[in-house]
Amino acid sequence: MDSILFIVVIQILSFFLFEIIEKSLNMASVIDSAVFAELTGVSQVHIDQKSNILEGCCKMCGVCCADSSNVYDVVLPKGIRYQVKEHSGSCARCWCNPNHELMLGLKTFDGKKHGDKDILNILKPFKCCCPAICSCCMKEIAITHNDRPVGFVQQPQCGGCFTPRLNMYDKANGAQIGIVTGPGCCMGGCCASEFAVNDMQNKPLATIKRLGIGDNGVRRALTTDADRYQVDFTNQDEALNTKLTVLSTTLMLDYMFFEGETNCSFNCCVCPPYIACKLCDMYCCGATLPCKIRCFVPVEEAAKAAVL
């Protein structure tokens with residue numbers, strides 16, 4: 001009887017000890033606040049994608065597979081403080097861009113010198129470009145800091161139908177902390193696009209704005225796929241994990257809707273050749289369909305006129 005009682009007491013103590021350890025691990029700060037001290041008290045962040053002239057020229061000529069790894073500057077009111085670099089395979093970018101698998105690494109950056117290691121990692125697995133009707137087509141990202149989960153963002157089934165939607169979680173299979181909704185039906189092109197980020201009580205957390213031709217300039221807007229984003233937080237003292245999840249969501253939106261091709265391109269591989277200008281992207285159930293205007297170059301008529 002004493003041995004049975006002893007075993008029961010040991011099991012109860014073990015259970016409570018396990019609970020205490022688990023709570024202490026959860027209470028331990030997942031995020032090193034000193035590393036992200038620059039984000040504390042900041043209400044506005046700009047994300048500036050670096051433009052690649054060679055890539056832009058190739059894509060303007062219809063060579064969409066000529067894609068280099070992306071680099072983003074995270075600009076705070078005091079200047080550039082972080083930089084994000086894409087780590088992915090060249091073949092994956094060539095054949096599957098922008099749906100390819102990749103890892104984004106964020107480092108501290110003062111405009112000249114990078115930090116020693118990534119302080120934030122964003123994993124985007126490969127997902128099919130079809131409508132988000134099953135898990136293999138529902139885009140997602142997992143955000144980690146020091147190999148510990150910071151956040152998780154995923155498309156819901158059907159992706160919000162005619163309005164883009166993303167669900168934000170504190171971790172994979174965790175509690176939902178917010179909802180991202182985009183402009184109805186049409187977005188992209190040379191126009192600005194705005195996404196609202198709300199918490200589960202439908203209170204605004206932040207606004208993500210992809211800047212248009214008025215902010216980027218004509219050359220950059222038409223001849224490259226390098227975009228600029230402005231993120232405005234409703235509360236400048238928002239929790240760090242929420243801010244990092246929102247900023248990571250901004251990068252996810254870039255790959256989902258604004259990456260892959262330039263807004264203006266010239267296709268000389270067909271007869272007659274044509275110039276295409278993208279007006280916008282039509283959105284439906286997690287997939288996009290570009291809406292373009294094509295201006296054909298009358299090569300044959302010009303040749304006949306030259307002969308005459």
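**Exercises on burial, salt bridges and core**

With a relative accessibility of 12%, Lys127 counts as buried (buried means under 20% relative accessible area, exposed over 50%, and partly exposed in between, using a 1.4 Å probe and protein chains only). The model is predicted: local features need pLDDT of at least 70, side-chain atom pairs count only at pLDDT 80 or more, and totals for chains, interfaces and linings use all residues. Residues are numbered from 1 along each chain as its sequence is written, and side-chain values use heavy atoms, with hydrogens and water left out.

**Exercise 1.** Describe the secondary structure, burial and contacts of the protein chain as a whole.

*Solution.*
- Step 1. The protein chain contains seven helices and 16 strands; these are DSSP runs numbered from the N terminus, helices being H or I of at least four residues and strands E of at least two.
- Step 2. Of the 308 residues in the chain, 40% are buried.
- Step 3. Take contacts (heavy atoms within 4.5 Å) between residues at least 6 apart in sequence: 49% of them join residues at least 24 apart.

**Exercise 2.** Find the partner of Lys127 in a salt bridge, and place both residues in the fold.

*Solution.*
- Step 1. A salt bridge requires a side-chain nitrogen of Lys or Arg within 4 Å of a carboxyl oxygen of Asp or Glu. The count by this rule is six.
- Step 2. The partner of Lys127 is Glu140, with the closest N and O atoms 3.9 Å apart.
- Step 3. Lys127 sits in the loop between strand E5 (120-124) and strand E6 (140-145), and Glu140 in strand E6, so the pair ties together parts 13 residues apart in sequence.
- Step 4. Glu140, at 17% relative accessibility, also counts as buried.

**Exercise 3.** Compare the settings of two further salt bridges, Arg228 with Asp48 and Asp73 with Lys50.

*Solution.*
- Step 1. In the bridge between Arg228 and Asp48, the closest N and O atoms are 3.5 Å apart. Because Arg228 belongs to strand E13 (residues 228-233) and Asp48 to strand E1 (residues 44-49), the pair ties together parts that are 180 residues apart in sequence.
- Step 2. Arg228 is partly exposed at 25% relative accessibility, and Asp48 is partly exposed at 21%.
- Step 3. Asp73 and Lys50 meet at 3.1 Å, N to O. Asp73 is in strand E2 (residues 71-76) and Lys50 in the loop between E1 and helix H2 (53-60), so parts 23 residues apart in sequence are tied together.
- Step 4. Asp73 is buried at 3% relative accessibility, whereas Lys50 is partly exposed at 45%.

**Exercise 4.** Identify the members of the largest nonpolar core that touch the most other members, and the element that supplies its largest share.

*Solution.*
- Step 1. A nonpolar core is a set of buried Ala, Val, Leu, Ile, Met, Phe, Trp, Tyr and Cys residues joined through side-chain atoms within 4.5 Å.
- Step 2. The largest core has 45 residues, of which Phe36 and Leu39 touch the most other members. Helix H6 (residues 240-257) gives the largest share of this core, ten residues.
- Step 3. Leaving aside residues up to four places away in sequence, Phe36 touches residues including Tyr82, His145, Leu240 and Leu244.

**Exercise 5.** Test whether the length of H6 agrees with its residue count, and state how far H6 is covered.

*Solution.*
- Step 1. The expected span is 1.5 Å times one less than the number of residues.
- Step 2. The 18 residues of H6 should therefore span 26 Å, and the end C-alpha atoms are 26 Å apart, which agrees.
- Step 3. H6 is mostly covered, with 17 of its 18 residues buried.
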